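Open the model in your viewer and keep the selection box handy. We will start with the whole chain and then move from stop to stop.

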Amino acid sequence: MLSPMDLNLYSYFRSSASWRVRIALALKNLPCQYHGVHLVRGEQLTHAQLGAAHLLPALWVGSERITQSLAILEYLEEAHPTPALLPQDPFERAYVRSLALDIACEIHPLNNLRVLKYLKAELAVDEEAKNAWYRHWVEAGLAVVEERLRTEGRSGRFCLGDTPGMADCVLVPQVFNAQRFAARIDHLSAVLAVFEACMALPAFAQTHPSQVPDAE
């Protein structure tokens with residue numbers, strides 16, 4: 001079993017990508033040292049531990065650094081396979097991964113902090129229009145997830161059956177962000193049911209942005 005000294009997570013309390021990793025670490029009962037990096041203040045731009053892209057999260061395992069949240073989740077699954085974030089069946093594994101990518105690739109990149117700052121600083125988009133941009137993409141993206149949960153016949157209490165996994169690690173932070181920006185998602189009953197089931201578990205509730213050391 002790894003000790004907290006072996007794992008060092010560089011995170012920001014409101015970073016959805018960082019929260020994905022916090023959830024996965026908690027689900028796998030892997031303790032870590034937590035290092036807050038303030039994205040809004042730009043601390044990541046000169047932080048030596050984050051790698052070439054200067055993005056969060058970054059996970060150090062001893063002397064090895066892993067970046068990109070989904071790569072970190074895959075590493076954790078391979079290095080610490082129980083409890084599992086991915087099912088054994090290859091089609092179900094593909095389903096879970098594709099749901100995670102529907103969020104991590106089709107929603108999150110359009111709405112991350114770098115994009116929102118560029119809209120304001122370089123394109124002179126006002127606050128109302130910037131928030132409308134955010135809501136449009138998160139509403140459209142989560143509607144896709146809703147349709148898949150309803151029609152593909154694999155969901156239960158969670159994205160796949162009754163055990164939380166990789167897709168849930170990615171979904172929960174995106175729903176939190178949608179609610180924070182007052183996106184119209186009240187009609188997405190399947191998405192919200194999974195979110196509520198997840199938030200009833202300590203691995204999700206105790207890694208919530210309000211519960212981590214750098215919370216504001």
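What follows is a short walk through the chain, with something to select at each stop.

**Before you start**

This is a predicted model, in which local features need pLDDT of at least 70, side-chain atom pairs count only at pLDDT 80 or more, and totals for chains, interfaces and linings use all residues. Residues are numbered from 1 along each chain as its sequence is written, and side-chain values use heavy atoms, with hydrogens and water left out.

**The whole chain**

Show the chain as a cartoon and color by secondary structure. You should find 9 helices and 4 strands; here helices (H or I, at least four residues) and strands (E, at least two) are DSSP runs, numbered from the N terminus. Going from the N terminus, the order is β-α-β-β-β-α-α-α-α-α-α-α-α. The radius of gyration is 17 Å, close to the 17 Å that the globule rule gives for 216 residues, so the chain is as compact as a globular protein of that length. That radius is taken over C-alpha atoms, and the globule rule is 2.2 Å times the number of residues to the power 0.38.

Rotate to the principal axes and the C-alpha trace spans about 50 × 45 × 25 Å. Switch on the surface: the accessible area comes to about 10,500 Å², with 54% of it belonging to carbon and sulfur atoms. These areas come from the Shrake-Rupley method with a 1.4 Å probe, and for residues only the protein chains shown count as cover.

Of the 216 residues, 50% count as buried. Buried means under 20% relative accessible area, exposed over 50%, and partly exposed in between (1.4 Å probe, protein chains only). Among contacts (heavy atoms within 4.5 Å) with a separation of 6 or more, 68% join residues 24 or more positions apart.

**Stop 1: helix α2**

Select residues 69-79, which form α2. Which residues of this helix are buried? They are Ser-69, Leu-70, Ile-72, Leu-73, Glu-74, Leu-76 and Glu-77. Now add α1 (16-27), β3 (58-61), β4 (64-67), α3 (90-104) and α7 to the view, since the buried residues of α2 pack against these elements.

Step back to Gln-68, in the loop between β4 and α2. Its phi is near 70°, a positive value in a residue other than glycine. For context, most residues other than glycine have a negative phi, and most peptide bonds are trans.

**Stop 2: two cis peptide bonds**

Beyond α2, select Pro-83, in the loop between α2 and α3. The bond leading to Pro-83 from Thr-82 is cis, with omega near -10°.

Next, go to the loop between β2 (33-36) and β3, where Pro-57 lies. The bond from Leu-56 to Pro-57 is also cis, with omega near 0°. Stay with Leu-56, which is in that loop too and counts as buried at 12% relative accessibility. Which residues does Leu-56 touch, leaving aside those up to four places away in sequence? Its contacts include Tyr-10, Tyr-12, Ala-17, Val-37, Leu-39 and Leu-50. Draw a distance from Leu-56 to Thr-67: they are 11 residues apart along the chain, and their C-alpha atoms are separated by 7.5 Å.

**Stop 3: the later helices**

Select Ala-124, in the loop between α5 (113-121) and α6 (127-151). Ala-124 has a positive phi of about 55° although it is not a glycine, and it is exposed, with a relative accessible area of 66%.

Move on to Ala-182, in the loop between α7 (166-180) and α8 (189-199). Ala-182 is exposed at 55% relative accessible area. Asn-131 is 51 residues from Ala-182 in sequence, but 9.1 Å from it in space, C-alpha to C-alpha.

Is Ala-190, in helix α8, buried or exposed? At 19% relative accessibility, Ala-190 counts as buried. Beyond four places in sequence, Ala-190 touches Glu-146, Leu-149 and Arg-150.

**Last stop: the cysteines**

Finally, show the cysteine sulfur atoms. How many disulfides does a search of the whole structure find? The search finds 0, a disulfide being a pair of cysteine sulfur atoms within 2.5 Å. For Cys-32, the nearest cysteine sulfur is that of Cys-169, 14 Å away. Cys-32 is partly exposed at 26% relative accessibility. For Cys-105, the nearest is that of Cys-159, 15 Å away, and Cys-105 is partly exposed at 44%.
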